[in-house]
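Reader: I should like to learn how a structure of this kind is read. Could you take me through its features in turn?

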Amino acid sequence: MSGATLEAYLASRTANGDDLAPDVAAVIQRLATAALVVRKIINQGALDTAFNGSRGDSNPDGDLQRNLDVLCNELFLSCLQGAPVAYYASEELEKPVALDPTARLAVAIDPLDGSSNIDNNVSIGTVFSVLPALKGPDLDPTQSFLQPGNQQLAAGFFVYGPQTTLVLSLGKGTEIFIFSNRLGCFVEAYKSVDIPERTSEFAINMSNYRHWEEAIRLYVDDCLAGSEGPRERDFNMRWIASLLAEAYRILVCGGIFLYPADGRKGYGQGRLRLVYEANPIAFIIENAGGAATNSITRVLDLVPKSLHQRVPLAFGSRREVERVARYHVDPNMIGERAPLFGKRGLFRA
Ligand SMILES: O=P(O)(O)OC[C@H]1O[C@](O)(COP(=O)(O)O)[C@@H](O)[C@@H]1O
Ligand SMILES: [Mg+2]
Ligand SMILES: [Mg+2]
């Protein structure tokens, strides 16, 4: 299979008359170049000194920073020097960095997601969001990142796994590119990804079951009850504990991912960050026909209050994500959990 190169794809999409499109394309090209440096380091693992260790510092959310987290942040920040980017915000930096004051874009990034998997040889990734930069005499750079996700111009993520991949949406569809060793660049492998709207596969960290609210427990209980329960079919479970590998699987095979709020200290809004994790994923998933909510409300309509704010996250196959929201409104799921109605097959997701 051989589709367009990333460069050719971006060139075709800049011809659409949107005056920010060439700037967005330039940013994506630069991020892709930096991602290939990250890929090389990850491929070598512990054999590359850059891969190892931690100085024991924490990021603004309190997570331990690995040296690789810090290095990836530096690589992505430096690749955007000279790009049409006014502000750069990162999971690893408390405040946004001001770059080109004349530029019209703002980039938010998690330079390396899944840090806890670095040593395990499990897929990890980079996720980014491109927004219009907001300018004005009284506007702080952070304001650009407090726009709802529905204002994103583009979003994407790289997965450093058995294949190095780029999942990208410029709006109007989501594409998947794979790095071609033969050509030395990203090549389109899946055009206009379409997530199946029904699924029988869920991904959640089950060890947190006792900390979840009732609606999430009921949803999972019903999946676990399988063909003997109200869903009347068996479900499979996946948990890689690497958000972007999980998102990639769901884009290709369908499924639902949940990282809900829970009762542990610090997890009242889940674990994932709205601005540079949930928003770009929601944009990509919706553009592939799926859905993304904070368990109830569409992620892309949430207005961030702070740069590093967390958000409960459910995304993937549309009918399943919608079903999770219904357990919150009516935990009894009248007509859907009652066996009689289940047997009649009404309202079945
Ligand atoms: O270890 P847990 O609680 O299951 O969390 C796993 C989640 O945390 C993440 O690793 C995010 O953490 P980081 O942003 O700190 O790397 C996701 O990739 C993954 O889905
Ligand atoms: Mg992360
Ligand atoms: Mg990270």
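**Reading the domains, the sheet and the ligand shell**

Author: We begin with the domains. The domain assignment of the protein chain gives two entries, domain 1 (6-190) and domain 2 (201-343). Please keep in mind that this is a predicted model.

Reader: How far apart do the C-alpha centres of domain 1 and domain 2 lie?

Author: The C-alpha centres of domain 1 and domain 2 are 25 Å apart. Their contact takes 38 residues from domain 1 and 29 residues from domain 2.

Reader: Which strands supply the side of domain 1 that touches domain 2?

Author: At least two residues each come from strand 3, strand 4, strand 5 and strand 6. Strand 4 gives the most to this side, namely five residues. By character, the residues of the side of domain 1 that touches domain 2 divide into 16 nonpolar, 17 polar and five charged.

Reader: Where does ligand 1 lie with respect to the two domains?

Author: One looks at which domains contribute to the shell. Both domain 1 and domain 2 give residues to the shell around ligand 1, so the ligand lies between them. Among the residues around ligand 1 are Asp63, Asp110, Asp113, Asn205, Tyr259 and Arg271. The shell divides into three nonpolar, five polar and four charged residues.

Reader: How should I read the order of strands in the open sheet?

Author: The order lists the strands as they stand side by side. Here an open sheet of eight strands has the order 2-1-3-4-5-6-7-8, and its pairing is mixed. Strand 2 (97-98) and strand 8 (185-190) stand at the edges; each has a single partner strand, so one side of each is left without a neighbour in the sheet.

Reader: How many bridges join strand 7 to strand 8?

Author: Strand 7 (residues 175-180) and strand 8 run antiparallel and are joined by five bridges. As an instance, Phe177 has Glu188 in strand 8 as its bridge partner.

Reader: Which strands does helix 1 touch?

Author: Helix 1 (residues 6-14) packs on the sheet and touches strand 6 (164-169), strand 7 and strand 8. The direction of helix 1 makes about 70° with that of strand 8. Helix 6 (residues 274-286) lies across strand 1 (85-90), strand 3 (105-113), strand 4 (124-132), strand 5 (154-160) and strand 6, and runs at about 80° to strand 4.

Reader: Are the residues of strand 15 buried or exposed?

Author: One examines the two faces separately. In strand 15 (residues 313-316), Leu313 and Phe315 on one side and Ala314 and Gly316 on the other are all buried, and both faces are thus covered. Strand 15 pairs with strand 11 (residues 256-259) in the antiparallel sense over four bridges, and Tyr259 has Leu313 as its bridge partner. Tyr259 is also one of the residues around ligand 1. Strand 13 (residues 291-293) is joined to strand 15 by three bridges, again antiparallel, with Ala292 partnered by Phe315.

Reader: What does the sign of phi tell me?

Author: Most residues other than glycine have a negative phi. Asn121, although not a glycine, has a positive phi of about 60°. Asn121 is placed in the loop between strand 3 and strand 4. Lys172, not a glycine either, has a positive phi of about 55° and lies in the loop between strand 6 and strand 7.

Reader: Why does Asn121 count as exposed?

Author: The reasoning rests on a count of neighbours, with 12 or fewer meaning exposed. Asn121 has 11 C-beta neighbours inside 10 Å and therefore counts as exposed. Lys172 has 9 such neighbours inside 10 Å, so Lys172 counts as exposed too.

Methods. Residues numbered from 1 in each chain as written. Chains lettered and ligands numbered in written order. Predicted model: local features only at pLDDT ≥ 70, side-chain atom pairs only at ≥ 80, totals over all residues. Near = placed C-beta within 6 Å. Nonpolar A, V, L, I, M, F, W, Y, C, P; charged D, E, K, R; others polar. Domains from an automatic or database assignment. Pairing = 2+ DSSP bridges. Contact = placed C-beta atoms within 7 Å. Axes fitted to C-alpha atoms, helices over the stretch in contact; angles between N-to-C directions. Buried ≥ 20, exposed ≤ 12 C-beta atoms within 10 Å, placed from the backbone.
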